[in-house]
Amino acid sequence: MKALTANRLIDGEVVFWRAGQWIEQFPQAQFFADDDAAAEAALETGKAQPTIVVDAYLIDVVEAPGGYAPVSYRERLRALGPTNEPTHGKQAAGGAGVEAILAATGAARSTGRVDLIRRK
Amino acid sequence: MYRYDAIDREFLADRADEFRGQVARRLAGELTEDQFKPLRLMNGLYLQLHAYMLRVAVPYGSMDSRQLRRMAHIARTWDKGYGHFTTRQNLQFHWIKLGDAPDILDALADVDLHAIQTSGNCIRNVTADPYAGATAEEIDDPRIWSEVIRQWSTLHPEFSFLPRKFKFAVTASAKDRTAARVHDIGLVLRRARDGALGFEVIVGGGQGRTPYVGPTIREHLPVGALLGYLQAILRVYNRHGRRDNIYKARIKILVAALGAEEFARQVEEEWAKIDTAAADLPDTELARIRGAFAPLNFETLPARSETFEAAKRASPALARFARNNVKPHKKPGYAIVEISLKAPGATPGDASAEQMEVIADLAERFGLDDIRVTHEQNLVLPHVKLDDLPVVHAALAAAELATPNINLISDIIACPGLDYCALANARAIPIAQDIARRFEDADRAEMIGELKIKISGCINACGHHHVGNIGILGVDKKGEEFYQISLGGSGQEDATLAKILGPAMPADQVPEAVDALVETYLAARQGEERFLDTFRRLGMAPFKEAVYADVH
Amino acid sequence: MPTFIRLIEGRYETAEDVFTDVADEDGLPDGAVILSLTRFQTEGDALIGAGRSVGVRVTADEAVEDLAYDLPRLALVALVFPKYRDGRAYSSAALLRERLGYGGEVRAVGDVLREQAGFMVRCGIDAFVPADGSSPEAWAAAAGRFRHVYQRAVDARAPAYEERR
């Protein structure tokens, strides 16, 4: 599965795509099947919003105990917040979705950008 | 300390005003992100993992209580109540909003602070000896020359779009607390045999992907000739430094490619053509700047303080603090006090707004209103009376700022790493925390003695791992964080690059490996040897054996 | 006719550009031309001898010193900024003015944005072809943004240390 992410221009907040909107919490993000053309379409829409978000890109997502998690460690940190300050960032909200990311194991790729090679 | 006048203040106001306009144009879509990025970077604003990060310049690591209080105010108002002191003596805020940045720059300018040239391919904030003006070792005050360079390099018309970033370090002591030999230019003040003051000019040191200890290209540059000579170096670099590959663009690559002799020859050739009368600072201005750093009004005191001696006898905690964090001052009856930002389990270099205010108060009441930042991510009160040390220590202890571990194994440098930084491959902070906890026993730490651990979360080496006695580099191994240990580095006057110990290991094995290295050292050390001395005597083999013996 | 921004006696104004910027592979048009350094070295003498106005385009990796003996005959020197971040042409401009004593037009071409205006003017550039479509007013505002400068440069502005005297 995939999700679309970016940083919001005005405040740098990590945001995720959900049905035409940018939202702040990964667990509520829209998850696209790997072969779903809607993912690329959402990416194009996101890239066409330069005054709203910076650097939209797709990430790989896997099932995790009780929910979903980004594949890569870096993207998990973006979805949670820094590990040295557990009360800072999105993880502070707690809940099952956050627990699922925390419980996810087996990172598989350094950046989680599904199209990393093409981007470079 | 140097006081800004109307000219400096109007300059900062103009700069903040310019950036406010640029932010407005970006938000309105008149500037693309590609166009805006270099502009915000020139004002220290990065987009990191979770938010924007603002890197505020602490000019040559020196500020007063009013400025530190303003940092606390910014931390509380626009961030999450803390700031992070960096290996370049700056202060970073990690949770900044782009929309707030113009107001923050105004708030900084209001107390003569700014974020100018804390990023970008320009001349960055100068690193200087944090003991400047306080240590008896120095032969001149490096802040004078750092201020000269600050003014000269600020929006320099010719050298603001260099091939890559450019970092200066200035020191005037035999003991180097600036890592001068791993800077783009290191300037070490020296006296010639005839007493004339000059600089040893070291060019092309650096860390990152390709570390070098910089060669000396001139043994003695008369101090008055500094700016003309720097113009020659920077011009050679600006014209001939590589721009085709970001990893080969630093001046160290140019110096290494040409060879130090040929590089020096090109600099001298360029220098000979420069109108140095126009390029060098007039003596009157030099004298004005020197006057700003005139010796302070120290009281005449006995060298020994009975108050302090009695308090040490009564308090083992104070005695330990004195052994490790209190350094000799040039004036009898005074001391240099280092404030460790490395409490066990804390994030190296972080200070809360409340802690900043405590330190600002202490500086104002007991420290001649002077505060320094060290490149090892600690703070310094450079001028404290011995008589006042018990009170200062108690106030620091109450704010969890009295960790007595300067230069010991838990005084660890760590970059923000993957917890914050968009460039990182692995986390650095948790590794530092784990090691510090493992060596929390203060007696054992003192028994181990000086041991500098430096941790970077990626090859860019902001955590100075190349010059750590034990250097730790975070790498990405198929999506997992791994750590590569190297040994034997030093960023001091005996600068040496660390050598890789062996294959990288997962995070949970790092503290154990450090323990094995320490045990090997303790078993083998002779007399007063530090870890680094023992390593230099024995070489890699016994350490490698100790860490990897069980792995097979 | 295309235009550019010219700095004359402290004022920024729009001027018509009578020069044709000629690529190496193109034929020579009539009138005033700007040639690459290489092409100038082979064709320049003849053109100047025929009374044509000739300017030379110097790329960032070329040394302006190579033009030293030709400068008095040139109508202008165009310095190419291949990218906003490529700062070599600032050194070229400073050398043209300070070392080679060139008093003619020095024109910035390529990735020329108004954020560079102050740096360019201070290095002695006096003509600009902005890639961002900046007006002379916007250019003047950007170039005059700072009330003070800290170092002596090609322009005549008094650095802070002289203001303080």
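Reader: Axes are lines fitted to C-alpha atoms, for helices over the stretch in contact, and angles run from 0 to 180 degrees between N-to-C directions. With that in hand, at what angle do helix H1 and helix H4 of chain B pack?

Author: H1 (residues 6-27) and H4 (residues 101-109) of chain B pack at about 175 degrees, and their axes are 9 Å apart. That makes H1(B) roughly antiparallel to H4(B), since angles under 35 degrees count as roughly parallel, over 145 as roughly antiparallel, 65 to 115 as roughly perpendicular and the rest as oblique. Helices (H or I, at least four residues) and strands (E, at least two) are DSSP runs numbered from the N terminus.

Author: One note on the setup: this is a predicted model, where local features need pLDDT of at least 70 and side-chain atom pairs count only at pLDDT 80 or more, while totals for chains, interfaces and linings use all residues. Residues are numbered from 1 along each chain as its sequence is written, and chains are lettered from A and ligands numbered from 1 in the order in which they are written.

Reader: Thanks! Which residues of H1(B) and H4(B) make the contact?

Author: From H1(B) they include Leu12(B), Phe19(B) and Arg20(B), and from H4(B) they include Pro102(B), Leu105(B) and Asp106(B). Contact means C-beta atoms, placed from the backbone, within 7 Å. The contact residues divide into nine nonpolar, no polar and two charged. Here Ala, Val, Leu, Ile, Met, Phe, Trp, Tyr, Cys and Pro count as nonpolar, Asp, Glu, Lys and Arg as charged, and the others, Gly among them, as polar.

Reader: Switching to chain C, how many residues does the contact take from chain B and chain C?

Author: It takes 30 from chain B and 27 from chain C. H1(B) gives the most to chain B's side, with five residues. That side divides into 12 nonpolar, eight polar and 10 charged residues.

Reader: And what does the contact take from chain A and chain B?

Author: That contact takes 25 residues from each of chain A and chain B. On chain A's side the largest share, four residues, comes from helix H2 (residues 73-80) of chain A.

Reader: What pLDDT does chain A average?

Author: Chain A averages 88, with 88% of the residues scoring at least 70; pLDDT is the predictor's confidence in each residue, from 0 to 100. Over residues 108-120 of chain A the pLDDT is below 50. Chain C averages 96, with 100% of its residues at 70 or above.

Reader: What ipTM and pTM does the predictor give the complex?

Author: An ipTM of 0.97 and a pTM of 0.96.

Note on methods
Contact = placed C-beta atoms within 7 Å.
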